[in-house]
Amino acid sequence: MFELSDTLSRLTKPELYRHLAESLTVLVASERDPIANSANAAALLFHSLSDINWAGVYFLRGGLQQDGELVLGPFQGKPACVRIALDRGVCGAAASRRETLVVPDVHAFPGHIACDSASNSEIVVPLIHEGRLIGVLDIDSPRLGRFDQEDAAGLERLGAILLAASNLDALR
Ligand code: SME
């Protein structure tokens, strides 16, 4: 269906994310199920990005009310914490602020939730479709300072492709 190879590591970040955007577009083209599409997005990212140990999504359940929380969705990596309150961790912060958070050193982030002790840096992209917060895309790395603004831009584009292709009513 698509190739995952060492040649990806020779691309610049913008080239890599263009390639990933094309791959994800093909992967989700004939499927509307958000869980299936998120699962393939997580696998694509986990096997294409260098120096990462976790890639996946958390979905917002219960809306933005007091009982709303992020619940683990499809991912690749070690088993992770299942529920994250909106005022907890990097994921909760990115979701409630509705902005991408690039965290060069997770140990310096107040309230960071350590799911895998190998993680040293992290990026969390909120998944927002037509104003509705759907969840977050979360990627962890064992390398300090692994992610930058080019990763943020590339991953935001991938998140938008994932959401546009999926029937988000299935998540209500
Ligand atoms: N580190 C995240 C929790 C999720 S795991 O990294 C998979 C956080 O602080 O929200």
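A backbone N or O atom of cysteine 91 lies 2.8 Å from an oxygen atom of the ligand. That is a good place to start looking around, bearing in mind that this is a predicted model.

Two more polar contacts go with it. Valine 90 puts a polar backbone atom 3.0 Å from an oxygen atom of the ligand, while aspartate 140 brings in a polar atom of its side chain, 2.7 Å from a ligand oxygen. Here they are side by side:

| Residue | Atom on the protein side | Distance to a ligand oxygen atom |
|---|---|---|
| Valine 90 | polar backbone atom | 3.0 Å |
| Cysteine 91 | backbone N or O atom | 2.8 Å |
| Aspartate 140 | polar side-chain atom | 2.7 Å |

How much of the ligand does the protein bury? The answer is 100% of the 310 Å² that the ligand exposes when taken alone.

Now for the company it keeps. The ligand is surrounded by 13 residues, and the closest are Val90, Cys91, Ile113, Glu122 and Asp140. Sorted by class, this shell holds eight nonpolar residues, two polar ones and three charged ones. Which elements give two or more residues to the shell? They are strand E1 (54–61), helix H3 (89–97) and strand E6 (132–141). H3 is the top contributor here, giving three residues to the shell.

So much for the ligand; what about the space around it? Searching the whole structure turns up three cavities of 30 Å³ or more. The largest cavity comes in at a volume of about 130 Å³, and its lining is made of 15 residues. Closest to the centre of that cavity are Cys91, Ile113, Cys115, Glu122 and Asp138. Where does the ligand sit? You will find it in the largest cavity.

The walls of that cavity can be read in the same way as the shell. At least two lining residues come from each of E1, H3 and E6, and H3 again gives the most, with three residues. As for chemistry, the lining of the largest cavity counts nine nonpolar, two polar and four charged residues.

If you want a few residues to click on, try Cys91, Ile113 and Glu122: they are among the closest to the ligand, and they are also among the lining residues closest to the centre of the largest cavity.

Key
Residues are numbered from 1 along each chain as its sequence is written. This is a predicted model: local features need pLDDT of at least 70, side-chain atom pairs count only at pLDDT 80 or more; totals for chains, interfaces and linings use all residues. Side-chain values use heavy atoms; hydrogens and water are left out. A residue is near a molecule or strand if one of its heavy atoms lies within 4 Å of it. A polar contact is a pair of N or O atoms within 3.5 Å; within protein, one must be able to donate a hydrogen and the other to accept it, and residues adjacent in sequence count only if both atoms are side-chain atoms. Accessible areas come from the Shrake-Rupley method with a 1.4 Å probe; for residues, only the protein chains shown count as cover. On a 1 Å grid over the protein atoms alone, a cavity is a set of points where a 1.4 Å probe fits but cannot get out, and a pocket is an open set with protein on both sides within 12 Å along at least five of seven lines; lining residues have an atom within 4 Å of a point. A molecule sits in a cavity or pocket if more than half of its atoms lie within 2 Å of its grid points. Helices (H or I, at least four residues) and strands (E, at least two) are DSSP runs, numbered from the N terminus. Ala, Val, Leu, Ile, Met, Phe, Trp, Tyr, Cys and Pro count as nonpolar, Asp, Glu, Lys and Arg as charged, and the others, Gly among them, as polar. Grid points are joined across faces, edges and corners, and a volume is the space filled by probe spheres set on the points.
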